[in-house]
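Why does a residue count as buried, or a metal site as irregular? The turns below take such labels one at a time and set them against their cut-offs.

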Amino acid sequence: MLILGIETSCDETAAAVVRDGYEVLSSVIHTQIALHAPYGGVVPEIASRSHIEMIPAVIRKAVEDAGIAFGDIDAVAATYGPGLASSLLVGFSAAKGLAVALGRPLIAVNHVHAHIQSAFLADGAPHSEDVSPILGLAVSGGHSAIVAAEGRGAPRILGQTLDDAAGEAFDKASKMLGLGYPGGPAIQKAAEKARDFSGIHFPAGRISSDNPALGGLDPELCFSFSGLKTALRVWLERNPPKGEGEVAAVAAAYQEAIVGALATRVAKALKRRRYEALAVGGGVSLNAALRARLTEVARSAGVPVFLPPPKYCGDNAAMIASLAGIGRGVSGVAAMGLDVVPNLAFD
Ligand code: KG4
Ligand code: ZN
């Protein structure tokens, strides 16, 4: 089963060919980072225009790199949500058109679910469909969620951010610290230079049980990162950093607050019931401090942890074709009738 995957939910135009769910024959990612960097964040109008320009070449390259012909493709998979409406529309429409032209089924995939699946593209990882239940952590610029995936059912949200996503928290802090965009890698790089940051503490974003935004979710498994951003702003007003060393210390303390918040929630979730694996995905899963901390959390819980290879941490289409390849998503006529869903939930 050869699946062509297409991903355009945010600011990466991506296409990939995956055989039988796990054998990645090609993965092409065209990033728009340079286009959005002057604005310090993704500008939706610029993103969709760039997707339109790039999608034909990206798809063609994915097919060529895989060493196959368009006629060999068995199904076309694409992200239909969550994400930016105008970005999603480009990839999903291209996938619909290709599916019709090739006379092959369309498979519509949930982007956050695909980020969790990306953890199983690591060398030596088992196939996700052989592992159940899985605790998933999806952390990127647009989402931060802890999910439980069991059997063939749709993953269930156990906890999520009530405001900013973890990646967004990195990006906003980086802007405040003058470290550039995207913020995650910039903060990580600065933090690695820090010597001692024990004197700087940022809040972990504890959530009270009567917070109306919880919507029935467990407050101990939810996150809030908007207070962290405010705490940073206040800190910088009171203690303007003098020189690179002080910026590094603030970046390290800020990164620690995010990593600590994510790791303690995951540790709590792992205590609630027995999971067969912890799977992490999304752009923030590139963060070295987070990878190390989650590996430690999983080790002390006695649960194997799977982290995506760096090339599949951020948005990519291999994870889309992979998820479609193991039979997840909406397929065939039902998929053709779908529109993109910017705030798509799992169920
Ligand atoms: O998954 P992704 O490429 O796109 C979305 O679906 O949002 O994630 C992008 C996010 C950005 O916010 C970026 O700052 C963050 O991932 N990120 C990182 C690192 N590399 C990228 N965050 C922390 N540490 C990193 N090394
Ligand atoms: Zn993503």
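The questions and answers that follow concern a predicted model.

Q: What makes H111, H115 and D315 donors of the zinc ion (ligand 2)?
A: A donor is an N, O or S atom within 2.8 Å of a metal of this kind. NE2 of H111, NE2 of H115 and OD of D315 lie 2.1 Å from the zinc ion (ligand 2), so these atoms meet the cut-off. In sequence the donor residues follow the spacing H-x3-H-x199-D. H111 belongs to helix 4 (residues 111-118), and D315 to the loop between strand 10 (305-306) and helix 10 (318-325). These two residues are 204 residues apart, and the pair links distant parts of the chain. Both H111 and D315 are buried.

Q: Why is the site of the zinc ion (ligand 2) called irregular?
A: The angles among its four donor atoms run from 90 to 145°. Four donors count as tetrahedral if all angles lie between 85 and 135 degrees, and as square planar if opposite donors are over 155 degrees apart. The upper value of 145° is outside the tetrahedral range and does not reach the square planar one, so the site is irregular. For comparison, the ideal angle for four tetrahedral donors is 109.5 degrees.

Q: How do you know that S140, D171 and G283 make polar contacts with ligand 1?
A: A polar contact is a pair of N or O atoms within 3.5 Å. An oxygen atom of ligand 1 lies 3.3 Å from a side-chain N or O atom of S140. For a polar side-chain atom of D171 the distance to a ligand oxygen is 2.7 Å, and for a polar backbone atom of G283 it is 2.9 Å. These distances are within the limit, so the three pairs count as polar contacts. Taken alone, ligand 1 exposes 550 Å², of which the protein buries 89%.

Q: Which elements give two or more residues to the shell around ligand 1?
A: They are helix 4, helix 5 (166-177) and helix 6 (183-192). Helix 6 gives the most, with four residues. There are 22 residues around ligand 1, and G141, D171, G184, Q188 and G283 come nearest. The shell has five nonpolar, 14 polar and three charged residues.

Q: Why is T13 called buried?
A: Buried means under 20% relative accessible area. T13 is at 0%, so T13 counts as buried. This residue lies in strand 2, and a polar contact of 2.8 Å joins its side chain to that of H51.

Q: Why is F120 classed as buried?
A: F120 has a relative accessible area of 2%, which is under the 20% cut-off, so F120 is buried. The place of F120 is the loop between helix 4 and strand 6.

Q: What makes D20 partly exposed?
A: Its relative accessible area is 47%. That value is neither under 20% nor over 50%, so D20 falls in between. D20 sits in the loop between strand 2 (12-19) and strand 3 (23-31). Its phi is near 50°, a positive value in a residue other than glycine.

Q: Where are the prolines P133 and P182, and what kind of peptide bond joins each to its partner, S132 or Y181?
A: P133 is in the loop between helix 4 and strand 6 (134-139), and a cis bond with omega of about -5° joins S132 and P133. P182 is in the loop between helix 5 and helix 6, where a cis bond joins Y181 and P182, with omega of about -5°.

Note on methods:
Residues are numbered from 1 along each chain as its sequence is written. Chains are lettered from A and ligands numbered from 1 in the order in which they are written. This is a predicted model: local features need pLDDT of at least 70, side-chain atom pairs count only at pLDDT 80 or more; totals for chains, interfaces and linings use all residues. Side-chain values use heavy atoms; hydrogens and water are left out. Donors are N, O and S atoms within 2.8 Å of the metal (3.2 Å for Na, K and Ca); water is not among the atoms, so sites may look incomplete. Four donors count as tetrahedral if all angles lie between 85 and 135 degrees; four count as square planar and six as octahedral if opposite donors are over 155 degrees apart and all others between 65 and 115; anything else is irregular. Buried means under 20% relative accessible area, exposed over 50%, partly exposed in between (1.4 Å probe, protein chains only). A residue is near a molecule or strand if one of its heavy atoms lies within 4 Å of it. A polar contact is a pair of N or O atoms within 3.5 Å; within protein, one must be able to donate a hydrogen and the other to accept it, and residues adjacent in sequence count only if both atoms are side-chain atoms. Accessible areas come from the Shrake-Rupley method with a 1.4 Å probe; for residues, only the protein chains shown count as cover. Ala, Val, Leu, Ile, Met, Phe, Trp, Tyr, Cys and Pro count as nonpolar, Asp, Glu, Lys and Arg as charged, and the others, Gly among them, as polar.
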